[in-house]
Each structure stands twice: as structure tokens, then as C-alpha cells.
Amino acid sequence: MQVRVKRITYEAETVNSYELVRPCGGDLPRFTAGGHIDLHLPNGLIRSYSLTNDQRERHRYVIAVNKDAASRGGSAFIHERVRVGDIVTLSQPRNNFALHENADNSILIAGGIGITPLLSMIRRLEALGRPWRLVYAARNRLAAAFLDEVNALRSKAQSNVQIDFDDERSGRVFDLPDVVRRAPLGAHLYCCGPLPMLEAFKRATADRSVDRVHVEYFQADAAIEGGFDVRLARSNRTVPVEAGKTILNALLDAGTAVNYSCMDGICGTCETRVLDGVPDHRDHFLSKDEQAANKTIMICCSGAKSRTLVLDL
């Protein structure tokens with residue numbers, strides 16, 4: 001669907017928020033807290049962004065975009081090229097990070113731009129009158145998006161909000177395990193942030209019930225170990241995947257035309273059928289059951305556990 005950029009707002013030193021509305025007015029499709037949309041850019045890329053606003057709002061979507069210093073054309077394009085009044089193309093809302101609305105306690109842990117889906121969750125929990133706690137970590141105050149809003153939440157409910165900045169800890173490390181230890185045993189825990197935080201969160205919650213631990217990734221931990229071959233069944237070619245490269249990189253370097261977009265294992269554009277071999281799944285698009293079936297692979301980020309992987313290419 002197409003929407004118009006109604007408003008662009010500065011949220012932090014590298015973060016802008018974008019308010020998106022129907023070009024001719026009217027309601028947008030419903031979404032739920034923790035959900036996201038895929039933004040289809042004119043340069044052919046697809047990027048996923050969490051919806052930050054209240055799910056009861058039907059007249060708008062609000063997303064936030066962090067301009068990544070290593071941007072491959074997604075966030076940089078949006079910051080530099082997208083302007084108020086522009087028409088942009090979106091997917092329907094989807095949700096891989098759904099809020100459990102009836103939980104006795106919800107512990108929300110954000111790192112940097114990871115605050116975006118959690119703000120939507122807090123709005124929903126507030127509307128339902130359910131208990132919640134937010135822990136928000138960032139490099140410094142200038143890098144913390146939506147800090148005014150988070151401070152307003154802290155003013156309203158001081159004990160519910162903990163803000164932690166790297167440059168104000170006097171060299172101490174953010175104690176994520178302690179946050180998890182203090183969480184009630186029956187609580188649902190949510191974490192969204194950079195990969196090191198998510199890995200630390202998974203370690204800290206290893207002894208918790210898996211149905212109460214929820215993680216949202218913005219990118220995959222790509223398999224770049226290499227050391228295997230990809231055989232292309234339709235073109236009868238074999239392409240070696242060397243250390244430091246993904247399957248996608250190796251195929252492109254070999255002159256093979258393949259579909260791809262986000263390169264982060266999120267959008268699903270590069271999904272490719274597996275004919276033989278065992279994939280090393282690293283994506284956040286396929287379900288656990290789909291990954292276990294080993295019928296398809298996201299070649300932008302996943303690798304191989306077998307010496308050869310045969311793909312329908």
C-alpha cells in the first residue's frame with residue numbers, strides 16, 4: 001500500500017521518526033504492539049521498521065529510522081532522500097514480537113533504537129492497566145531516541161523506568177543479568193537492541209521458560225565462516241563460499257543473478273529452495289519449524305553445516 005510522509009521528527013543524533021498516513025485520509029490496516037512494516041524503497045531495497053505508536057491509532061503509522069554509519073543504502077537513503085509529502089510503499093503490518101497482554105508482569109529491555117517496538121508495547125499495557133517495567137540502555141543521552149517520552153514515563157511511574165547510559169557508568173558494564181535476576185519468575189521478558197545485548201539476554205534467560213522470553217532482531221548474525229560449496233542445480237555450477245563471505249556475496253561475486261533486498265535475514269526476498277545438504281539457519285524470517293524442515297534458506301545470512309549445499313538456482 002502507499003502512504004504519505006506527513007511529518008519527520010528529530011528523535012536523537014542519528015534517529016528520525018516518520019509519521020505515515022493515507023494519501024487521501026482514512027484508516028490504515030490494524031496493527032498490534034510489537035508489530036512492524038516493511039518499507040519498499042525506490043532503490044529496490046526493503047527495510048523493516050517497528051511501529052512505535054499506539055495500536056488504537058488507525059489514522060497513522062509511526063516508525064523510527066537510525067542512520068547506520070555502515071548503511072548499505074537503506075537507512076541512509078531514508079534520511080537523505082525521503083521528505084515530507086513523499087509517497088512511499090509499505091507492506092501490511094506483521095508481528096513476530098507479539099505482546100502477551102495478560103501477563104502478570106512484563107519486563108521490557110531496550111538497547112538504543114530497540115526502544116521502538118517497546119514503546120508501542122508500553123502504550124498497550126498502559127491502556128490495559130497491566131504492570132510493566134522498562135530498562136532502556138544507550139551509549140549516551142544524545143543517542144537515546146524518544147528520551148523525552150521515556151523521561152515522561154519515568155516522571156509518571158518512577159519505579160517502572162530505568163535509564164542507563166554507557167558514559168555515565170564510570171566504566172562499569174550494563175548489568176543485564178541482574179535485570180533478569182530481579183524479574184519475577186512468571187514475568188514475560190522482552191528484549192530488542194544490538195546483537196551483543198540480545199546474546200547476553202539469551203544467556204541470562206537460559207533457565208527461564210522459553211514461552212516467556214521474547215527477542216526482536218534488527219539483523220541476523222550472518223554466517224561468514226565459509227569453507228563449503230554451493231551447487232546450483234539448474235545452472236549446473238559449483239560456487240565455493242570462502243571465509244568472510246555469505247552465500248549471497250559468493251554468488252554475486254560469481255556473476256549469479258539472485259533475488260535479495262535487506263541482506264539482514266528479515267525480509268524474505270532471498271528465500272531459496274534447498275535440494276540437498278544441511279543449512280546453518282541464521283535468519284529471523286523462517287519459523288523454527290520451517291528452519292528445522294530445511295526446505296528453504298535465506299542466502300543473505302545463512303550458511304551450511306554440510307560440505308556441499310545444493311540450491312534450486
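**Entry 1: Arg139**

I began with Arg139, which sits in the loop between β8 and α3, and I note at the outset that I am reading a predicted model. I looked up whether this residue is buried or exposed, and found Arg139 partly exposed, because its relative accessible area of 48% falls between the 20% and 50% cut-offs. I then listed its contacts, leaving aside neighbours within four places in sequence, and obtained Glu13, Phe165, Asp166 and Asp167. For one of these, Phe165, I also checked the spacing: Arg139 and Phe165 are 26 residues apart in sequence, and their C-alpha atoms are 5.4 Å apart in space.

**Entry 2: domains and the largest core**

I took the domain assignment next, which divides the protein into domain 1 (2–90), domain 2 (106–216) and domain 3 (228–311). Between the C-alpha centres of domain 2 and domain 3 I noted a distance of 34 Å.

Which residues touch the most other members of the largest nonpolar core? I found that this core has 30 residues, and that Leu108, Ile115, Leu118, Met121, Leu134, Tyr136 and Val150 are the ones with the most such partners. Tracing the core back to secondary structure, I listed β7 (106–111), α2 (115–128), β8 (132–138), α3 (147–156), β9 (161–165) and β10 (188–192) as the elements that give two or more residues to it. The largest share, six residues, comes from α2. Since domain 1 and domain 2 both give residues to this core, I recorded it as lying between them.

I followed Leu118 further and found that, apart from neighbours within four places in sequence, Leu118 is in contact with Phe97, Leu108, Ile109, Ala110, Leu134 and Tyr190. I also noted a second, separate core of 23 residues, whose members include Ala250, Leu251, Ile297 and Ile299.

**Entry 3: aromatic pairs**

How many aromatic pairs are there? I counted two. In one, Phe31 and Tyr61 meet edge-to-face, with 5.8 Å from centre to centre and 85° between the planes. This pair links distant parts of the chain, as Phe31 is in the loop between β2 (15–21) and β3 (36–40) while Tyr61 is in strand β5 (residues 61–66), 30 residues apart. I found both Phe31 and Tyr61 buried.

The other pair, Phe97 with Tyr190, is edge-to-face as well, at 5.9 Å from centre to centre and with 80° between the planes. Here too the pair links distant parts of the chain, with Phe97 in the loop between β6 (87–90) and β7, Tyr190 in strand β10, and the two positions 93 residues apart. Both Phe97 and Tyr190 are buried, and I recall from the previous entry that both are in contact with Leu118.

**Entry 4: Ser106 and Asp312**

I looked up Ser106, which lies in strand β7, and found this residue buried, with a relative accessible area of 1%. Leaving aside neighbours within four places in sequence, I listed Leu99, His100, Leu125, Pro131, Trp132, Arg133, His188 and Tyr190 as the contacts of Ser106.

I finished with Asp312, in the segment after β18 (308–311). Is Asp312 buried or exposed? I recorded Asp312 as buried, because its relative accessible area is 18% and the cut-off for that class is under 20%. Not counting residues up to four places away in sequence, I found that Asp312 touches Arg234, Thr272, Arg273 and Leu275.

Conventions. Residues are numbered from 1 along each chain as its sequence is written. This is a predicted model: local features need pLDDT of at least 70, side-chain atom pairs count only at pLDDT 80 or more; totals for chains, interfaces and linings use all residues. Side-chain values use heavy atoms; hydrogens and water are left out. A nonpolar core is a set of buried Ala, Val, Leu, Ile, Met, Phe, Trp, Tyr and Cys residues joined through side-chain atoms within 4.5 Å. Buried means under 20% relative accessible area, exposed over 50%, partly exposed in between (1.4 Å probe, protein chains only). Helices (H or I, at least four residues) and strands (E, at least two) are DSSP runs, numbered from the N terminus. Domain bounds come from an automatic or database domain assignment. Contact means heavy atoms within 4.5 Å. Rings of Phe, Tyr and Trp (its six-membered ring) pair if their centres lie within 6.5 Å; planes under 30 degrees apart count as stacked, over 60 as edge-to-face and the rest as tilted.
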